[in-house]
Amino acid sequence: MKNSGVAMLLFLILTVGCKAQVTDQDAIKQSITAFSKAGDNNDTQALEKLLDQHYRVVLNRLFGSKSVSIVTKTQYLEKIKTKEWGGDSRNLTFEDIVINGTTASTKVTFKGKKATIVSIILLVKNEKGIWKLVSDIPIFK
């Protein structure tokens with residue numbers, strides 16, 4: 001009888017732990033999906049809520065460059081607002097979501113009419129439990 005009580009307690013602990021992990025994975029997917037839709041619709045107000053204040057796009061040797069370029073949150077939002085970036089309709093494929101406490105990373109493929117982009121996205125979970133994007137490192141296919 002005593003062993004079954006310990007087994008039940010262990011089962012409950014593992015179940016709650018797994019549910020928390022699934023919930024965070026779902027929340028991460030929701031944040032990135034909302035980010036994609038906001039970019040597709042050039043909706044800077046929605047993006048403002050999804051991006052951490054320190055958000056950066058890291059462009060490593062893209063478009064023939066031999067260096068790394070950093071696009072700040074302000075610059076990114078301006079490119080979306082002026083429709084230099086965004087304005088596509090993309091499907092997302094998530095791979096390798098890794099959660100490390102209040103930080104996470106995932107590999108996401110954004111497939112649209114204009115381009116296919118494979119990004120490594122870093123997220124942070126704020127004090128309200130909301131996952132916000134802090135960095136996007138894209139490669140254009």
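A residue is taken as buried under 20% relative accessible area, as exposed over 50%, and as partly exposed in between. In this predicted model, isoleucine 137 has a relative accessible area of 31% and is therefore partly exposed. Isoleucine 137 belongs to strand β6, which covers residues 131-140, and together with Ile120 and Leu122 it forms a nonpolar patch on the surface, the accessible area of the three being about 200 Å².

The strand that carries isoleucine 137 is part of an open sheet of six strands, arranged in the order β2-β1-β6-β5-β4-β3 with mixed pairing. At the edges of this sheet lie β2 (68-72) and β3 (91-100), each of which pairs on one side only. Direction ignored, neighbouring strands of the sheet are turned against each other by 20° on average. Within the sheet, β4 (residues 103-111) is paired with β5 (residues 116-125) in the antiparallel sense, over nine bridges; here leucine 122 of β5 is the bridge partner of serine 105, and leucine 122 is also one of the residues of the nonpolar patch.

Helices accompany the sheet. Helix α3 (residues 73-81) lies across β1 (51-60) and β2, and runs at about 80° to β1. Helix α1, spanning residues 2-40, contains serine 31, which has a relative accessibility of 9% and therefore counts as buried. When neighbours within four places in sequence are left aside, serine 31 is in contact with Leu50, Leu123, Trp131 and Leu133.

Technical notes:
Residues are numbered from 1 along each chain as its sequence is written. This is a predicted model: local features need pLDDT of at least 70, side-chain atom pairs count only at pLDDT 80 or more; totals for chains, interfaces and linings use all residues. Side-chain values use heavy atoms; hydrogens and water are left out. Helices (H or I, at least four residues) and strands (E, at least two) are DSSP runs, numbered from the N terminus. Buried means under 20% relative accessible area, exposed over 50%, partly exposed in between (1.4 Å probe, protein chains only). Contact means heavy atoms within 4.5 Å. Patches are made of residues with over 30% relative accessible area and no salt bridge: like charges are joined within 9 Å, nonpolar side chains (Val, Leu, Ile, Met, Phe, Trp, Tyr) within 5 Å. Accessible areas come from the Shrake-Rupley method with a 1.4 Å probe; for residues, only the protein chains shown count as cover. A salt bridge is a side-chain nitrogen of Lys or Arg within 4 Å of a carboxyl oxygen of Asp or Glu. Two strands pair if DSSP finds at least two bridges between them. Axes are lines fitted to C-alpha atoms, for helices over the stretch in contact, and angles run from 0 to 180 degrees between N-to-C directions.
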